[in-house]
Amino acid sequence: MKKVKAFAIALSIFVLIMVVLHVAAVRLLPRESRDFGYWISSAKDSSYELLADNIREKTVLYMGSSEFHHGLKEPYNPSNLFRKTDLDVMCIGAAFNQCLTHAITVGAVGPKLTNRKVCLILSPTWFYEHRSRQAGREFLLRYSSTCFDKAMENEDLSLSTREGIKTRKEELLGKSGEQDGSGNLSAFIGREKDRMKTVLMWVGKGPDEGPYGSVNLDFDALKKKVEQSNDDCTNPYNMKDEVFNKKFKMGLRGYKNKNSGLSFEESGEYGDLQLFIDVCRDQGLDLMLILQPMNGMWYDYTGFTAEKRHVVSKKVKKIADKNGVKLCDLTGEEYTEGFFEDAVHPAEKGWVIINEKAYKFFNS
């Protein structure tokens with residue numbers, strides 16, 4: 001009993017310290033900084049106040065997941081490529097972000113969007129059938145209570161849309177293993193520490209505000225440039241050699257037909273995608289979906305065949321067509337040389353192809 005009491009006291013002190021630090025840091029953060037949108041961080045994404053304070057007249061939303069953290073040191077990642085232009089892009093996304101967390105965010109900040117444009121990069125791996133069983137824990141990692149509260153207050157959203165978000169949120173949090181208090185508490189503490197560390201780093205760094213300009217991007221030239229420099233892929237699985245050698249080469253035999261049981265047939269994510277579309281439609285936002293490809297050479301080897309992979313594109317297209325939503329389906333790029341860094345994430349050429357679609361949409 002004494003241990004439980006001591007733990008409760010320690011937890012209370014920790015939470016109090018984190019709250020005080022968070023409030024202080026948020027007040028010190030630069031407001032209305034164009035550079036803020038190009039800062040790739042889940043700490044930024046989880047705060048309604050930070051997002052709302054840095055949405056400006058021309059801001060557009062570019063939303064996705066873990067791909068935003070790949071190629072950050074390369075000029076083709078959107079955080080680097082688009083800052084050369086006069087686009088004011090708010091990049092939102094990290095690993096474990098999926099349709100529902102983004103629906104909540106757009107429901108929160110939608111009234112601030114004068115420009116009205118939203119582009120969502122869909123990852124096929126969100127729609128794995130088996131992933132639905134662990135969706136609660138992943139949702140918990142990216143859930144923002146401040147954005148949820150604002151979304152629920154947003155009267156532009158229909159009652160049915162708000163009720164749909166609320167019901168699905170409660171379903172996922174119920175599946176998040178909250179009965180396992182110690183596990184979730186550890187995850188919470190770790191997450192909050194990371195978020196605060198990142199926010200405090202931003203406070204210390206301050207806005208970059210450059211180099212910006214009004215460069216019109218020539219994507220044909222960019223494609224030629226990345227093709228000419230694509231000399232770091234000699235393995236037969238269309239990955240960067242550095243990544244292949246480090247993560248896949250040693251256990252290659254074990255991957256043979258390992259993914260033969262994967263399926264996109266059934267997933268709660270399809271319903272969450274509909275909720276995301278509902279949130280955008282209710283607010284009159286101009287939405288485009290970009291469906292990323294998977295590495296065809298790798299997944300053929302691991303037994304997840306093209307026929308099985310293409311289920312997701314058919315189902316997403318059906319949802320997009322039903323709602324009259326623009327869809328850029330890039331699954332035809334699954335065998336494109338140089339597109340992938342690993343099994344699913346884009347390399348330089350992949351980013352050029354993806355960003356070209358977003359660039360044209362944002363400028364339309």
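What percentage of the 364 residues in the chain do buried residues make up? Buried residues account for 54% of them, and the legends below walk through some close-up views of this predicted model.

**Figure 1. The whole chain, as a starting point, has 18 helices and five strands.** Before zooming in, it helps to look at how contacts are spread along the sequence. Take the contacts between residues at least 6 apart in sequence: 82% of these join residues at least 24 apart. One pair worth finding is Glu-49 and Thr-146, which are 97 residues apart in sequence, yet their C-alpha atoms are 8.0 Å apart in space. Glu-49 belongs to helix H4, which spans residues 48–53, and is partly exposed, with a relative accessible area of 39%.

**Figure 2. Helix H11 packs against helix H18.** Here residues 219–228 form H11 and residues 348–362 form H18. The two axes are 9 Å apart and make an angle of about 170°, which means that H11 runs roughly antiparallel to H18. On the H11 side, the contact is made by Phe-219, Leu-222, Lys-223, Val-226 and Glu-227. Their partners in H18 are Glu-348, Lys-349, Val-352, Ile-353, Asn-355, Glu-356 and Tyr-359. If you sort the residues of this contact by type, you get six nonpolar, five charged and one polar.

**Figure 3. H11 has buried residues and, on its other side, exposed ones.** Phe-219, Leu-222 and Val-226 are the buried residues of this helix. Viewed down the axis of H11, they fall within an arc of 55°, so they line one face of the helix. The cover over these buried residues includes H18 and helix H5, residues 78–81. Turn to the other side of H11 and you will find Asp-220, Lys-224 and Gln-228, which are exposed.

**Figure 4. Asn-238 and Asn-257 each have a positive phi.** Both are good places to check the backbone. As background, most residues other than glycine have a negative phi. Asn-238 has a phi of about 60° and sits in the loop between H11 and helix H12, residues 241–247. The phi of Asn-257 is near 60°, and this residue is found in the loop between helix H13 (252–255) and helix H14 (269–282). Is each asparagine buried or partly exposed? Asn-238 is buried, at 3% relative accessibility, whereas Asn-257 is partly exposed, at 42%.

**Figure 5. Thr-331 is a buried loop residue.** The loop in this view lies between strand E5 (326–329) and H18. Thr-331 has a relative accessible area of 13%, and this value makes it buried because the cut-off is under 20%. Which residues does Thr-331 touch, leaving aside its neighbours within four places in sequence? They are Leu-291, Gln-292, Pro-293 and Ser-313.

**Figure 6. Cys-328 is in no disulfide.** A friendly reminder for this view: a disulfide is a covalent bond between the sulfur atoms of two cysteines. The structure holds zero disulfides. For Cys-328, the nearest cysteine sulfur is that of Cys-119, 8.3 Å away, while a disulfide calls for sulfur atoms within 2.5 Å. Cys-328 is also buried, with a relative accessible area of 12%.

Conventions:
Residues numbered from 1 in each chain as written. Predicted model: local features only at pLDDT ≥ 70, side-chain atom pairs only at ≥ 80, totals over all residues. Heavy atoms only, no water. Axes fitted to C-alpha atoms, helices over the stretch in contact; angles between N-to-C directions. Helix = DSSP H or I, 4+ residues; strand = E, 2+ residues; numbered from the N terminus. Parallel < 35°, antiparallel > 145°, perpendicular 65-115°, else oblique. Contact = heavy atoms within 4.5 Å. Nonpolar A, V, L, I, M, F, W, Y, C, P; charged D, E, K, R; others polar. Buried < 20%, exposed > 50% of the residue type's maximum accessible area, 1.4 Å probe, protein only. Arc of directions from axis to C-beta.
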